[in-house]
Amino acid sequence: MRFGVLGTIEAWPAEGGALPLGGPRQRALLGLLLLEAGRIVGVERLIDRLYGENPPGDAVNALQSQVSRLRRSLPDGLIEFHETGYRIAVAAEGVDAHRFEQLAGQGSRLLAGDPAQAAALLHEALDLWRGPVDDPRLTELRLAAEEDLADARLALGEHAALVPVLRERIAAHPLRERLRAQLMQALSHAGRHAEALAEFDDARRTLADQLGTGPSAELAAVHESLLRTESRPRPPAQLTGFVGRRAELDRIAALLTSARLVTITGPGGAGKTRLAIEAAGPGSSFVDLSAAQDLAQAVLTALGVRETGLFPSASRIDTTQRLVTALADREVLLVLDNCEHVIDEAAELCRRLLTGCPGLKIVATSREPLGITGEHLCPLPPLPIPDAVRLFTERATAVSPGFHGHDETVRTICAALDGLPLAIELAAARLRAMSVDDIAARLDDRFQLLSRGDRTAAPRHRTLRAVVEWSWDLLDADEQALAARLTVFTGGATQDAVERVCGRADLLPDLVDKSLVEYVDGRYRMLDTIRAFCAERAEDLHREHAEYFLDLAAQADRHLRGSEQLHWLARLDSEHGNLHAALRWAIDNDLDIALCLFGELSLYWYLRGMRGEAAALGEALLVKVDEPPERWDEEFVLCVLSAMRGRTDAPEWHDQLKLAEARMVVPHGPLRRAFTAFMWGTVTGPPKTEPQRPLAEGDLWSAAFTDLGVALIDLFGGRAEQAARIGEVALAGFRTVGDRWAMVLALDLLARIADFSGDRVRFRALIGEAMAHVAELGSVEDQAHLLCRRAYHSARGGELAEARADYEQAVLTGRRAGSPELVAEACCGLGDVARFSDDLTAARGWYELALGTSSAESFTTSETRARVQVGLGRLAEAHGDMDLARSQFDLAVTTALAGRNLQAVAPAADGLAAIALHDGDPELAAILLGAAVALRGMPVSGDPDVARTVDETRLELGERFDEAYRRGAAMTRDEALTLLGERPSAFGA
């Protein structure tokens with residue numbers, strides 16, 4: 001007989017059908033006995049489990065009555081009475097619960113060594129469950145088995161299929177961190193890295209809200225591993241198997257054990273790229289330099305390292321230095337392909353990277369060595385004839401399944417082609433329409449012609465050109481025309497682009513069949529060698545190319561401000577090479593197209609953090625523009641702002657900035673692009689004069705952006721209540737249109753206000769939503785910014801361990817993003833945490849590191865520098881050095897005012913209040929505390945420094961405190977600044 005307790009309590013005799021077991025109490029009694037099958041269960045335990053806290057008056061007799069009824073439902077002798085209790089004479093293997101525990105235990109033990117067998121056992125165990133049970137131990141075992149099964153499925157690569165399963169389980173058990181970790185891993189492996197990072201933040205928020213704790217060390221470790229896992233650039237998809245080159249693979253593997261730069265050299269078509277991909281393996285990062293203008297920028301883009309985040313920043317950091325910062329503490333194998341196109345720049349980049357990044361190794365491909373110290377070469381000889389024959393046969397079989405038995409002819413062909421892999425593949429592709437003997441004969445004709453040609457070229461170069469030319473000659477006129485026209489594209493093209501720019505896209509499948517074009521992931525592309533040959537025969541289609549991509553950019557710009565933002569960002573990413581090439585051509589040939597295209601791409605560059613690329617292109621365009629046409633005035637302004645980013649005070653930009661400033665005033669009519677106003681504010685800082693040009697009416701996104709701009713100006717101007725009200729309106733507008741980036745800006749603004757006002761629940765909700773959107777947008781740098789925002793909130797609220805964890809993660813993330821500004825902000829925060837923990841030595845070290853890391857050039861770093869100076873002032877105050885403290889607070893005021901950020905002035909005013917109190921002037925201290933409120937626009941809640949000064953000042957002044965405090969808080973902005981300006985005489989300094 002079999003028994004089931006995993007669901008309803010059941011008993012099944014061998015002949016089938018379930019036995020009637022009576023009412024729920026008899027079934028519960030049977031379940032209790034079955035869970036201890038073969039063992040005596042005490043009377044008191046049975047009574048306690050059956051009746052709980054309200055047993056009947058004669059509980060023992062009541063239990064005996066239940067046992068009697070149950071015995072009548074079961075075969076004789078199954079339930080035995082013993083002196084201390086009852087026992088059911090059933091073997092454990094006959095009860096589903098015991099069978100479940102046995103299978104689940106076996107599966108768990110096999111997880112590490114045999115995940116497939118583990119999954120089978122765990123599936124079998126969980127299939128025994130027919131419903132919930134009223135037994136906490138069994139319920140926990142079931143959850144653990146489900147988590148074990150998820151681990152097994154993760155090991156087996158079932159990532160995408162696991163996501164909905166894990167989401168459902170988390171909805172039922174939101175506090176189980178192992179489920180969260182598994183979902184994060186499943187999402188990351190499924191290519192949904194941003195969602196994985198967002199999941200961690202949701203888990204952290206849930207744990208804090210419901211348990212008041214942070215994530216466990218295990219969950220935090222998974223999060224850190226995800227942050228360390230790069231969105232590595234994938235090598236080009238390989239459509240065929242890899243043949244031969246065993247000796248070269250072994251040589252490269254041996255070299256990489258000690259060498260840090262290996263360059264694979266050889267002529268075009270020798271297979272350098274394919275060998276590099278095979279040798280580097282799946283964990284490497286791949287960068288194609290064939291069309292690169294700025295090599296460091298190309299590597300940054302390919303590695304997924306943004307130049308800067310979504311939040312305003314006017315700093316300009318050398319792209320190579322940012323790349324060095326991002327790679328300095330990591331172990332990475334980088335493949336730099338096609339270095340011969342930019343050999344000098346590639347050599348210099350490799351030198352700087354290898355010098356500054358000790359964990360970096362590089363495999364380069366080039367037709368010539370890079371020629372730098374430490375380079376090891378792997379020259380590619382021709383394929384040995386046996387490998388060449390195997391390559392030809394494999395490719396031939398793919399296009400002509402019946403191909404076999406032509407070894408001698410194939411050997412002849414391969415020998416004639418000098419063992420060049422590309423030449424062999426091109427020849428084999430002809431078997432769709434020719435016999436192998438025809439191929440051999442035609443090759444012989446071609447090479448006889450070749451032998452009378454240019455003998456100064458290397459033989460293998462002449463061989464490859466001859467084969468490509470032979471393949472070209474086999475195309476009809478229309479196919480030749482399309483092949484030549486396709487060379488206008490950089491990085492391939494979609495069918496729609498080909499049709500619009502080149503025409504006759506219907507011929508693309510024919511070019512694919514003849515191996516002149518590859519079709520991968522919805523795009524048509526040419527190998528570099530074939531593209532170079534066909535380009536010699538191409539007509540000039542650059543204008544058509546530029547006009548097509550101008551139309552695409554204009555279409556995308558509208559969608560980048562709405563719910564389809566992520567899709568269109570990815571669409572523009574795939575056309576990055578073409579967009580860059582189109583703009584470069586337009587800069588030299590058509591300024592109308594160039595200015596318009598620059599304007600259409602400005603929001604995309606900002607969202608993707610490509611500020612350096614925009615700056616370089618803006619500089620190149622401005623060289624060509626003497627007097628911008630009126631119709632492109634905003635595009636000109638965007639060009640100036642992009643080019644001068646981080647260099648607003650440079651003399652060479654004075655005239656351009658004055659001209660741009662003239663185009664930003666009211667007489668020129670409303671702005672067509674809300675983004676122009678945003679860029680103006682972020683690069684030049686909050687406006688010194690008003691009014692500027694309003695935005696065009698009738699556009700919800702533009703209206704919301706207007707509100708956001710006003711709210712930011714109000715916040716920095718100390719009008720926090722007004723900023724919050726207008727910021728809510730802006731956020732509602734952005735939610736309606738679905739712009740994640742703009743929502744992040746509004747959420748961050750509102751979170752900062754909620755933090756100062758002491759609304760911790762609202763702050764957590766706002767910052768959590770912002771982090772989720774930032775994760776979707778793939779901005780690692782902004783994750784670090786929001787971590788700092790949350791840590792600042794936690795530190796002021798006394799949650800020092802949580803604040804330290806967030807700041808430490810922000811340091812790691814900021815370095816990964818190559819952002820010294822963010823590293824400085826996080827180091828400043830760690831200084832605060834150390835100071836609040838009374839570790840003043842560590843605090844000084846962190847503050848000094850923050851000052852050494854941050855840039856003094858950008859107004860956007862002024863808040864961090866002012867915070868550091870306030871922190872150093874507080875340290876001096878703690879050591880009793882009031883003169884040094886006063887000078888640091890003075891310096892913080894100067895720094896914050898230079899950035900026109902009154903909110904950053906307020907903490908210095910609070911610090912000066914503490915000095916006034918120490919100097920025996922508690923009334924001035926109270927007025928300064930109130931003036932800080934006027935500057936900030938609202939009282940600050942939860943700040944331990946301010947709270948201590950308020951308490952001590954109130955103790956000194958008594959009832960007079962409130963009146964003095966109100967006088968300061970009622971000051972206008974100018975009155976408060978005047979008070980700070982008079983502070984030296986007031987303090988007797």
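Two strands pair if DSSP finds at least two bridges between them. Keep that in mind for the close-ups below, which come from a predicted model.

**View 1. The whole chain, before we zoom in.** The chain has 48 helices and 12 strands. Of its 989 residues, 54% count as buried. Take the contacts between residues at least 6 apart in sequence: 71% of them join residues at least 24 apart. About 41000 Å² of the chain is exposed, and carbon and sulfur atoms supply 51% of that area.

**View 2. A sheet of three strands, E3-E5-E4.** These 3 strands form an open sheet with antiparallel pairing. Which strands stand at the edges? They are E3 (41–42) and E4 (79–81), and each pairs on one side only. Between E4 and strand E5 (residues 85–88) there are 3 bridges, and the two strands run antiparallel. To see one such bridge, find Glu80: its partner in E5 is Arg87. Helix H1 (residues 24–35) lies across E3, E4 and E5, and runs at about 75° to E5.

**View 3. A sheet of five strands, E7-E8-E9-E6-E10.** Here 5 strands form an open sheet, and the pairing is parallel. Strand E7 (285–288) and strand E10 (375–379) are at the edges; each has a single partner strand, so one side of each has no neighbour in the sheet. From one strand to the next, the twist averages 20°. Helix H15 (residues 343–356) lies across E6, strand E8 (332–337) and strand E9 (360–366), and runs at about 170° to E9.

**View 4. Strand E6 and its two partners.** Strand E6 (residues 261–265) is joined to E10 by 5 bridges, and the two run parallel. E6 is also joined to E9 by 5 bridges, again in parallel. On the E10 side, Val262 stands opposite His376, and the bridge partner of Thr265 is Pro379. On the E9 side, Ile264 has Thr365 as its bridge partner.

**View 5. The side chains of strand E6.** Which residues of E6 point one way, and which the other? Leu261, Thr263 and Thr265 point one way, while Val262 and Ile264 point the other way. Are the residues of E6 buried or exposed? Buried means under 20% relative accessible area, and 5 of the 5 residues of E6 are buried, so this strand is largely enclosed by the rest of the structure.

**View 6. Helix H7, checked with a ruler.** Helix H7 (residues 159–172) has 14 residues, and at 1.5 Å a residue it should span 20 Å. How far apart are its end C-alpha atoms? They are 20 Å apart, which agrees with the expected span. Look along H7 for its buried residues: His159, Leu162, Val163, Leu166, Arg169 and Ile170.

**View 7. Cysteines without a bond.** A disulfide is a covalent bond between the sulfur atoms of two cysteines. How many disulfides does the model have? The rule is a pair of cysteine sulfur atoms within 2.5 Å, and by this rule the count comes to 0. Cys827 is in no disulfide: the nearest cysteine sulfur, that of Cys828, is 8.9 Å away. Cys827 counts as buried, because its relative accessibility is 0%. Cys596 is buried too, with a relative accessible area of 12%.

Methods:
Residues are numbered from 1 along each chain as its sequence is written. This is a predicted model: local features need pLDDT of at least 70, side-chain atom pairs count only at pLDDT 80 or more; totals for chains, interfaces and linings use all residues. Side-chain values use heavy atoms; hydrogens and water are left out. Buried means under 20% relative accessible area, exposed over 50%, partly exposed in between (1.4 Å probe, protein chains only). Helices (H or I, at least four residues) and strands (E, at least two) are DSSP runs, numbered from the N terminus. Axes are lines fitted to C-alpha atoms, for helices over the stretch in contact, and angles run from 0 to 180 degrees between N-to-C directions. Contact means heavy atoms within 4.5 Å. The expected span of a helix is 1.5 Å times one less than its number of residues. Accessible areas come from the Shrake-Rupley method with a 1.4 Å probe; for residues, only the protein chains shown count as cover.
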